[in-house]
Each structure stands twice: as C-alpha cells, then as structure tokens.
Amino acid sequence: MAGSTICFCARTAHGDSLQGNIPAIHAGLRGNMMQMFMRVSRRVAAVVAICLWGQAALSDVAVLSIDSQTEGWLNRTTTVTIALDGAIPFRVSAPQDGRVAVTLNGADPLSQPAFHPDTVINRYNLSGAQEGAVISLEAQRMLTLQTASMTNSGGAARLILTFAAGSRLSRSPHDAPRRGATALPLVVLDPGHGGIDPGAVRLDIAEKDIALAFGQELRAVLQDSGRFDVRMTRDTDVFVTLRDRVRFARESGAAVFISLHANTVTRGNASGSAIYTLSEGASSAEAAALAELENRADTLGGVDLGVEDDDLALLLTDMAQRETNARSAMLARATVEAMRHAVGVIRSNPHRSAGFRVLKAPDIPSMLIELGFLSDATDRANMISPRWRGHAAQGILAALDDWVERDGVLSAQVRPAPARVAGANGD
Ligand SMILES: [Zn+2]
C-alpha cells in the first residue's frame with residue numbers, strides 16, 4: 001500500500017460553523033508510517049473532511065474489523081477502531097442523533113468486517129459510495145467526535161475514532177409508544193412483604209411500607225423515562241406469596257424482576273444498600289441468613305411451600321437458570337455502581353448472593369435490593385426521605401439503562417450476525 005511519495009492534505013467541507021483544528025499531522029518519509037490526528041471542538045456541527053493522497057487511494061482496501069469499546073461510568077469515552085488492510089483517505093461526519101458516517105475513499109464496499117459492538121455503538125451498516133465505502137455507525141447515546149486518526153504499521157492500517165458518549169437517546173414522552181404497541185422492556189417491581197407480613201420493623205417504621213413507597217416512586221421514574229414499562233406485584237398493603245410474585249413476573253413477560261426490601265440487624269452495626277442475586281451456595285453466612293429470613297415471608301402468610309427447596313435445587317442446575325444468573329449478576333453489578341454514584345451509601349462487598357425464593361424465575365434476570373438497614377439511624381432517615389429515595393430511583397434507572405445496553409450486546413454475540421448489517425437491539 002505504501003507509495004514512495006505520499007502527500008497529505010487536511011481540509012474542511014464547510015457546513016455551518018466548523019471550529020476544528022488539526023494540531024498534528026505526521027507521515028513517515030517512505031509512507032510506511034502515517035498518522036493523522038484531528039481534534040474537533042465539541043460544538044462542531046459541520047462535516048469534517050480530511051484526506052490524504054497516496055498510491056493506495058485508488059485500489060480497493062478491505063475493511064477487516066470494526067471494534068467499539070466504551071470506558072468510564074459518568075463520563076464515557078467510546079473508541080471505535082476500524083482495521084483496514086491499507087491506509088486511505090477518510091471523512092467523518094459530525095454525529096447526529098447518535099449516528100455517524102465514516103467515508104473511506106477506496107475502500108471495498110463488499111468487505112465483511114468482523115463487528116464487535118459494545119454498550120454504546122451496537123449497530124453498523126457498510127454501503128458503497130462514489131468514493132468507496134461508507135460505514136454508518138449507530139449509537140444508543142449522544143455522541144460527540146473528539147479525535148480521529150489513521151495509523152499505518154506493517155501494511156495494516158487502523159482508523160481510530162474517539163467519541164464522548166453522552167446521555168442515552170430516548171423517545172420524547174409525546175411520542176412514547178402506547179403499552180403493547182412497541183415492546184419496551186417490562187420491569188416488574190416487587191415491593192417486599194405486605195399485609196399481615198410487615199417485614200422488618202423499627203420505631204414503627206415497617207419494611208413493607210418503605211418497600212411499597214419506594215416501588216411506587218421507582219415505577220414513576222422508570223415510566224417517565226419513556227424507556228421502560230413497569231408492573232408491580234403489589235400496589236397496596238396486601239400479602240402476596242413469594243410463589244405468586246414469581247408467577248406474576250413470568251405471566252407478565254417481565255424482562256427484569258426487582259424485589260425491594262429493607263434489612264435489619266439485631267446485634268452490631270450494619271448500614272448501606274446491598275444487591276442480592278440468586279445462588280445455591282450463599283456468598284456468606286450473612287447472605288444465607290438473610291435469604292432464610294426473606295423466604296420466611298410465606299410461612300408468615302400461613303402458606304406451606306415445603307416443596308420449594310427441591311424446586312430451587314433443580315432450577316439451579318438448569319442451563320437456562322445459569323444463563324439467567326449471568327445476566328442477573330451483570331444487572332447487580334450495574335446497580336451497585338449506579339447506587340454508589342446516586343446515594344453513596346453502599347455496603348462493602350455490595351453484590352451478594354443466596355437462595356432467595358423470590359429470585360428463582362429461571363428465565364428472568366432478577367435481583368433483590370436491600371435499600372438499607374432499618375436498624376441504622378442514618379439508613380432509616382434516608383429510607384423515609386423522599387429526596388433520598390428519588391436519588392436511589394434515578395440510580396436504578398441508570399443501572400437499568402446500562403444493563404439493557406450490555407444485555408443487548410450479550411444477546412447479539414450469542415446470535416449469528418447478518419452478513420451485511422449487524423445489530424443488537426431493534427427499535
Ligand atoms: Zn424483606
């Protein structure tokens with residue numbers, strides 16, 4: 001690909017108000033080392049064009065792979081690496097609504113690159129253009145182009161684009177689809193206890209009331225986002241068996257099941273939120289004791305569910321349950337991170353697991369959130385504060401957003417990708 005003479009030019013296709021500058025352009029004398037670096041102001045709304053001419057420009061260059069990787073939590077940077085079998089001129093459009101077009105002069109439009117999506121960029125399309133090929137990247141978040149550079153080493157070139165990934169793209173409340181019209185992920189919220197079963201009680205504050213209040217507020221936050229449908233296993237102070245909670249989630253077609261609780265200790269001090277998922281062997285003696293306590297809810301309701309332990313053992317050996325457990329664990333990790341940012345008060349080792357009966361739907365990623373300890377004065381004040389609960393609900397929304405993206409990527413990797421267009425989540 002490397003010619004003996006290579007000339008570079010960098011120019012802008014004047015659209016609106018381009019404010020880009022090109023701080024560094026460097027090329028090896030014999031063209032076996034080329035590097036272009038472009039930094040564009042975040043407010044650039046125009047199309048930026050950079051081109052370099054060489055002997056390679058007119059031949060067909062194959063697009064070998066497209067990799068997307070995102071780092072960071074609140075400030076995310078997404079790096080897209082497009083591997084080519086030679087360096088060629090390129091042009092990157094300013095991202096609009098999470099879409100960005102990369103024009104590759106002289107690239108083969110029939111290339112079939114390997115595609116590795118991530119949580120932000122999960123879809124691409126490769127099409128022919130007069131100059132060669134255009135790769136359209138589609139993101140689930142707002143993108144701002146930060147840098148674009150082409151490196152060429154040993155005949156293999158890499159176009160590296162970095163983007164600041166902003167807020168998640170969502171429909172406005174006005175054009176949010178009616179329930180059932182378009183499938184939004186259905187979150188089933190499960191306020192723990194209820195009716196004759198108060199759960200933990202301290203200073204006249206009952207776990208069942210905290211769980212219901214938080215569940216109702218969380219439902220509003222998730223629905224207002226326009227990105228989730230929500231149903232609740234109970235919306236009033238009634239007793240519901242654990243089995244019926246799971247059954248409700250399955251019959252509703254839940255994408256996610258979240259059980260809401262508050263913890264308590266009779267001795268010693270403990271505080272902060274923790275997230276529990278299902279496992280046969282508990283992650284600690286404390287988790288095992290908690291699961292036993294929470295599973296006792298049915299006994300309090302006078303329901304004999306003696307067979308359920310065998311059920312649980314059987315389910316846990318099932319392949320479907322294993323896959324669901326992996327997805328649940330990913331959800332729990334996202335929730336731990338989100339709660340850490342949203343409310344800060346989180347236990348050490350905050351993702352725990354044990355044999356919670358209410359989490360045993362084999363096909364629905366499920367987690368149980370212990371919001372805090374009623375036995376701790378600060379936690380208690382937090383849990384009865386609408387402001388704190390509002391922050392916690394926003395944290396869980398962020399976690400679900402993150403999880404939906406990651407889970408879509410996981411599903412896309414399991415399914416075989418179509419030849420020309422690879423995608424994870426359809427709209
Ligand atoms: Zn509970």
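**Helices and nonpolar cores**

In this predicted model, helix α1 has a long list of buried positions: E207, K208, D209, I210, A211, L212, F214, G215, L218, R219 and L222. Charged residues are in there too, with E207, K208, D209 and R219 counted as buried alongside the likes of I210 and F214. The helix itself runs over residues 207–224, 18 residues in total. From first C-alpha to last, α1 reaches 26 Å, close to the 26 Å expected at 1.5 Å a residue. Just past its end, G226 takes a positive phi of about 75°.

Helix α2 (residues 242–252) has its own buried set, made up of L242, R245, V246 and A249. Because these residues cover an arc of only 95° around the axis, they end up on the same side of α2. Here again a glycine follows: G253, just after α2, has a positive phi of about 75°.

Then there are the cores. In soluble globular proteins, nonpolar side chains tend to be buried together. The largest nonpolar core here holds 62 residues, and V187, V256, M367 and L400 are the ones with the most contacts inside it. The top contributor to this core is helix α8 (residues 386–414), which supplies nine residues. As for V256, leaving out residues up to four places away in sequence, its contacts are P185, V187, L331, I364, P365 and L400. Two of these, V187 and L400, are themselves on the list of residues with the most contacts in the core. Apart from this core lies another, of 32 residues, including V80, L84, A133 and A165.

Terms used
Residues are numbered from 1 along each chain as its sequence is written. This is a predicted model: local features need pLDDT of at least 70, side-chain atom pairs count only at pLDDT 80 or more; totals for chains, interfaces and linings use all residues. A nonpolar core is a set of buried Ala, Val, Leu, Ile, Met, Phe, Trp, Tyr and Cys residues joined through C-beta atoms within 7 Å. A residue is buried if 20 or more other C-beta atoms lie within 10 Å of its own, exposed if 12 or fewer, and partly exposed in between; C-beta atoms are placed from the backbone. Helices (H or I, at least four residues) and strands (E, at least two) are DSSP runs, numbered from the N terminus. Two residues are in contact if their C-beta atoms, placed from the backbone, lie within 7 Å. The expected span of a helix is 1.5 Å times one less than its number of residues. The arc is that of the directions from the helix axis to the C-beta atoms.
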